[in-house]
Amino acid sequence: MTEPFDAVDVIRTKRDRAELSDAQVDWVLDAYTRGAVAEEQMSALAMAILLNGMTRAEVSRWTAAMIASGERMDFSGLSRPTADKHSTGGVGDKITLPLAPLVAVFGVAVPQLSGRGLGHTGGTLDKLESIPGWRASLSNAEMLAQLDDVGAVVCAAGAGLAPADKKLYALRDVTGTVESIPLIASSIMSKKIAEGTGALVLDVKVGSGAFMKELDQARELARTMVDLGTDAGVRTVALLTDMAVPLGRTAGNALEVRESVEVLDGGGPADVVDLTVALAVEMLDGAGRPTDPDEVRRALGDGRAMDAWRRMIAAQGGDPDAALPEAVHTEQVVAESDGVLDTLDAYAVGVAAWRLGAGRSRREDPVQAGAGVEIHVRPGEPVRAGQPLLTLHTDTPERFARAREILDGGWSVAPVGTTVPDRPIVLDRIG
Ligand code: URA
């Protein structure tokens with residue numbers, strides 16, 4: 001086959017800060033997916049994009065070309081509108097677990113295609129797989145049937161969605177080209193648009209435990225993704241939310257399922273409840289079913305969301321009543337002085353949970369269902385010398401030392417009487 005472009009010319013265009021044409025973008029992604037553009041050529045192009053950026057037209061075309069590389073799902077035959085949520089990833093971020101059944105209570109279907117964790121942020125599928133019997137892989141027909149019946153499904157994305165992104169993301173991972181706003185935005189949005197949801201709420205995390213450490217960067221990423229979704233006809237809004245401190249009081253797979261069930265039972269930590277309600281309200285709004293936040297909150301306390309959760313888990317073979325796995329060994333991190341917990345660094349807690357066995361370093365590694373970190377004291381709460389701040393959980397006790405190493409300096413205690421300012425969980429909204 002004679003190729004209409006030369007990969008080196010496309011690379012030079014971006015290297016020299018000119019704008020790629022629609023035809024260049026379409027060709028380079030198609031040719032890369034077929035293997036006609038070499039890995040080293042795409043690697044050079046990704047680096048040129050990271051260094052020189054992309055215009056709105058380029059990102060939009062790049063996203064469309066990644067969508068066109070695979071299949072698109074279609075939920076138009078469902079009896080209910082659809083809404084989905086995507087989080088850019090954080091520590092203790094179990095929000096999908098209570099959120100999907102909660103939104104389903106109000107007649108909106110939630111098709112949540114999720115991933116496994118890599119590095120210090122956990123993956124939703126790893127969390128749910130700690131429930132005995134639960135399976136992540138569903139056929140498209142099973143997914144549609146569950147959406148019609150239960151109204152919520154959390155499952156693995158099939159290989160057919162945006163294959164160009166799959167290949168490119170693996171390449172970016174090993175070439176220092178992940179941290180590019182146009183490449184992150186197009187990667188996330190190509191999968192979400194191909195998934196076919198009618199409305200989308202983006203939870204863009206900001207802080208030490210997130211991809212985006214600074215509010216300005218997070219705002220730019222959110223704006224780029226909201227524009228891409230809106231241009232593709234998906235009603236899209238973004239909330240910028242705090243990830244300087246872990247969400248809730250647990251980081252780790254079964255530990256986070258336990259906490260999610262507490263939220264579905266009307267309890268749980270205030271930040272997890274508040275963020276779940278805020279995201280649910282946005283999803284219902286986007287799906288054309290605006291609902292009073294107090295009514296949404298009530299569904300967490302009166303059994304409706306719990307009922308939807310139990311049906312969602314059972315539909316995928318899980319036993320909602322089964323005991324969750326627990327790690328074999330635990331150790332505590334204790335406060336050395338009286339005072340008020342001043343900081344608890346999300347990144348340190350995330351890496352500790354990962355080192356204890358809750359996460360993986362390579363895609364094929366297994367995870368320990370019971371491993372992770374339990375947080376007994378959150379910033380702003382009083383502590384006494386000798387009081388446990390954290391409990392570390394693992395099946396493999398040789399991991400404790402490395403987890404303690406990263407936690408050293410990851411928290412601090414201020415003198416008794418210090419007022420630690422409350423941290424709002426939602427920092428901004430972009431719509
Ligand atoms: N998640 C994705 O799916 N893609 C990125 O580029 C970054 C995070």
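How do the residues that form the lining of the second largest cavity divide by class, and how many are nonpolar, polar or charged? In this predicted model, that lining has three nonpolar, seven polar and two charged residues. The space enclosed there amounts to about 30 Å³. Among the 12 residues that line the second largest cavity, those closest to its centre are G117, G122, D126, A358 and G359. Domain 2 (83-315) and domain 3 (329-414) each supply at least three residues to this lining.

The second largest cavity belongs to a set of two cavities of 30 Å³ or more held by the structure. The largest cavity has a volume of about 110 Å³. Its lining is made up of 17 residues, of which H120, T121, G122, G252 and A353 are the closest to the centre. Two elements, α11 (253-264) and α15 (346-358), give two or more residues each to the lining of the largest cavity. The largest share, four residues, comes from α15. By class, the lining of the largest cavity comprises five nonpolar, 10 polar and two charged residues.

The position of the largest cavity follows from the domains that line it. Because domain 2 (83-315) and domain 3 (329-414) both give residues to its lining, the largest cavity lies between them. Residue G122 is listed among the residues closest to the centre of the largest cavity, and G122 is also listed among those closest to the centre of the second largest cavity.

Notes:
Residues numbered from 1 in each chain as written. Predicted model: local features only at pLDDT ≥ 70, side-chain atom pairs only at ≥ 80, totals over all residues. Heavy atoms only, no water. 1 Å grid on protein atoms, 1.4 Å probe; cavity = no way out; pocket = protein on both sides within 12 Å on 5 of 7 lines; lining within 4 Å. Points joined across faces, edges and corners; volume = space filled by probe spheres on them. Nonpolar A, V, L, I, M, F, W, Y, C, P; charged D, E, K, R; others polar. Domains from an automatic or database assignment.
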